[in-house]
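Visitor: I've got some time and a lot of questions about how the labels on this one were earned. Could you walk me through it?

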Amino acid sequence: MAGEHSGGPAAPGEDVKPFTPEKAREIVMALQQPAVFYNMVSDWPALHWDVKHLSVMLDGKTIQFRIGMKTMTSVPQFETSCSYVKATLEEFLAWSSGQPSCLSGPFSSFEYSRYWAYADYKYIARIFEDKEEVFQDVRWSDFGFPGRSGKESTLWIGSEGANTPCHLDSYGCNLVLQIQGRKRWHLFPPGDTSFLYPTRIPYEESSVFSKVNIANPDLKRFPEFRNTTAHVVTLSPGQVLLVPRHWWHYVESIDPITVSINSWIELDADHEARVEEAITRTLVCALKSAEGSSDGDPWLNPTEVEATSHEINLQYLNQAVAAYFNCPKANVYKQEHPSSSGAEQETRVSCKRRKRQVSSEPEDCPLLNHDHEFSSSTFKAEKLQKIPFGPHLIQVLPQSRESSSVGAGAVASDNKDLLHENEGGHFGKLHCTRKQLVMSNDCRTPANQMDSDSSRNASQAALSTNDLLDCLVNPHVVRLVAQLLLERAGV
């Protein structure tokens, strides 16, 4: 298990890093499963960036904290349901240690035993804009990315229980350095996307969220979650986690205070992902804006300033398409990965923040293409054999079914008939004819013969705009639409 190894400084006489920058970059760009690097950052000044040190560096500057409840429900704590305060790190430290001084401060309404606080997604270039010299404390050049420093990195500071809802990032892959405290990562491969019930509400540029609260899943509502394969690792100070493109992740702070730094590494596949994101933004903004605003439906994530107009969204879409064709590497990528369905880089779903992340999975919909499954799996196995796993690079392995307590004893779904195969070889009620669509849900009883109780049930189950969007901007659907648009634009 990756989290069981020490990530401390190298012993005297062992200050040579286990991987050269060139080799580290090769691993980062080739590895399609999460892994933890050890003994790669022992000389980074950023390892001293604990909260007390950062407090001195920020010199009384306030930053925004997201506040969430420690009590667990079956609904993810999305950013739209959290509270927010602006505070200094001194005030955060006082609150997290239970000092009386915080009774009148920004955290006064949030009892430490009941709430957590998270200063997440803090762009180092922004919060230290007047201290650019600290950018060099972060040295991603050791991983083969020369010139990449703290300026291209993000800072995360949290209390125990602080978490990020399960999501995947549309752009790039992710390198995460743990500095203070420990965080537990629950990672799921791109192939698990349909089991995680993806949604774009709340909407955030480049983030696809899961409707499932990974820490407390409702298996009656989300029965397919049982089919996921969790890869769990506890990241400790001095360790660097590689999150490959399009891997889902739920992250939780498990120590009183945690500090980490990450950087999203751009990939050639990001060009097509930007087209997919432009399509998603256009559809979400169009439908939700037409529906009208509602205080009970905070569909726009706080990270998004406002819903952009349809005209602006179309401009963005055209720019994304133009950029795709203007980048030779994007077209080379397409030729080199002609419809690799999900085995070679099990990562092709979509989304997360301005961080620019993406997966390297195939271009075609897995449901339509099974031709490379054997060859892709063989290629993947051969590729993994070339990765130098060992004491300095530990693969994050799947969690065994036995060790997972998720979903034990949960009630199964009652909709058993939805998956039975009928005589025509089609699945359940999805094969209703147009005439049958005006009949009741069993495709047999005409709608005008339903009793009043059935009518009430139908009204209670009425589909919403969000239900429609979950289908329209499902990652698989958007991927196909993007491919069709690019084919049309390339004619």
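Guide: Sure. One term to begin with: a helix here is a DSSP run of H or I with at least four residues, and helices are numbered from the N terminus. With that in hand, T465 has its place in helix α10, residues 465–472. Keep in mind that this is a predicted model.

Visitor: Why is T465 called buried?

Guide: The cut-off for buried is under 20% relative accessible area. T465 has 18% relative accessibility, so T465 counts as buried.

Visitor: And which residues does T465 touch, leaving out those up to four places away in sequence?

Guide: L287, K288 and E291. Touching takes heavy atoms within 4.5 Å.

Visitor: How confident is the predictor in the protein chain, in terms of pLDDT?

Guide: The average pLDDT is 80, and 72% of the residues score at least 70. Residues 3–11 fall below 50, and that stretch has 18 contacts in the model beyond near neighbours in sequence. Another stretch, residues 337–374, stays under 50 too, with 168 contacts beyond four places in sequence.

Visitor: How many helices and strands does the protein chain have, and how much of it is buried?

Guide: The count is 11 helices and 15 strands. Of the 491 residues, 48% count as buried. As for contacts between residues at least 6 apart in sequence, 83% join residues at least 24 apart.

Visitor: What makes β3 and β15 edge strands?

Guide: The order of the sheet comes before that. It is an open sheet of 9 strands, β3-β2-β4-β5-β14-β7-β12-β1-β15, with antiparallel pairing. β3 (83–87) and β15 (393–395) each have a single partner strand, so one side of each is left without a neighbour in the sheet. From one strand to the next, the twist averages 25°.

Visitor: How do you know that β4 and β5 pair?

Guide: Pairing takes at least two bridges found by DSSP. β4 and β5 have 4 bridges, in the antiparallel sense, so by that definition they pair. Y118 is the residue opposite G158 in β5. On to β14: 6 bridges join β5 to this strand, again antiparallel, and I157 has V259 as its bridge partner there.

Visitor: What makes β5 a mostly covered strand?

Guide: The tally: 6 of its 6 residues are buried. T154, W156 and G158 point one way, L155, I157 and S159 point the other way, and all are buried.

Visitor: Which bridges hold β7 to β12, and which helices pack on this sheet?

Guide: β7 (173–180) and β12 (240–243) are joined by 4 bridges and run antiparallel, with V176 opposite L241 in β12. Helix α1 (residues 21–30) packs on the sheet, touching β1 (35–37), β7, β12, β14 (257–265) and β15, and its direction makes about 165° with that of β1. Helix α3 (residues 89–96) lies across β2 (63–69), β3, β4 (115–123), β5 (154–159) and β14, at about 30° to β5.

Visitor: What is the strand order in the open sheet of 6 strands?

Guide: β9-β10-β6-β13-β8-β11, with antiparallel pairing. β9 (198–199) and β11 (231–235) stand at the edges with a single partner strand each, so one side of each has no neighbour in the sheet.

Visitor: How do you know that β6 is joined to both β10 and β13?

Guide: Count the bridges. There are 3 between β6 and β13 (residues 248–253), and 3 between β6 and β10 (residues 207–210). Both pairs run antiparallel. At least two bridges are needed, so each pair qualifies. T164 has V251 as its partner in β13, while in β10 the partner of L168 is V208 and that of D169 is S207. β6 (residues 163–169) is mostly covered, with 7 of its 7 residues buried.

Visitor: Why is K70 said to lie over the face of Y112?

Guide: One part of the test is a charged atom within 6 Å of the ring centre, and another is being within 35 degrees of the ring normal. K70 lies over the face of Y112 at 4.2 Å from the ring centre, so the distance fits the cut-off. The charged end of R274 sits over the ring of Y171, 5.2 Å from its centre, so that distance fits as well.

Visitor: Which residues do ring pairs link into a cluster?

Guide: F19, F37, W44, W140 and F143. A pair needs ring centres within 6.5 Å, and the whole structure has 19 aromatic pairs.

Terms used: Residues numbered from 1 in each chain as written. Predicted model: local features only at pLDDT ≥ 70, side-chain atom pairs only at ≥ 80, totals over all residues. Heavy atoms only, no water. pLDDT = per-residue confidence, 0-100. Phe/Tyr/Trp six-rings, centres within 6.5 Å; stacked < 30°, edge-to-face > 60°. Buried < 20%, exposed > 50% of the residue type's maximum accessible area, 1.4 Å probe, protein only. Axes fitted to C-alpha atoms, helices over the stretch in contact; angles between N-to-C directions.
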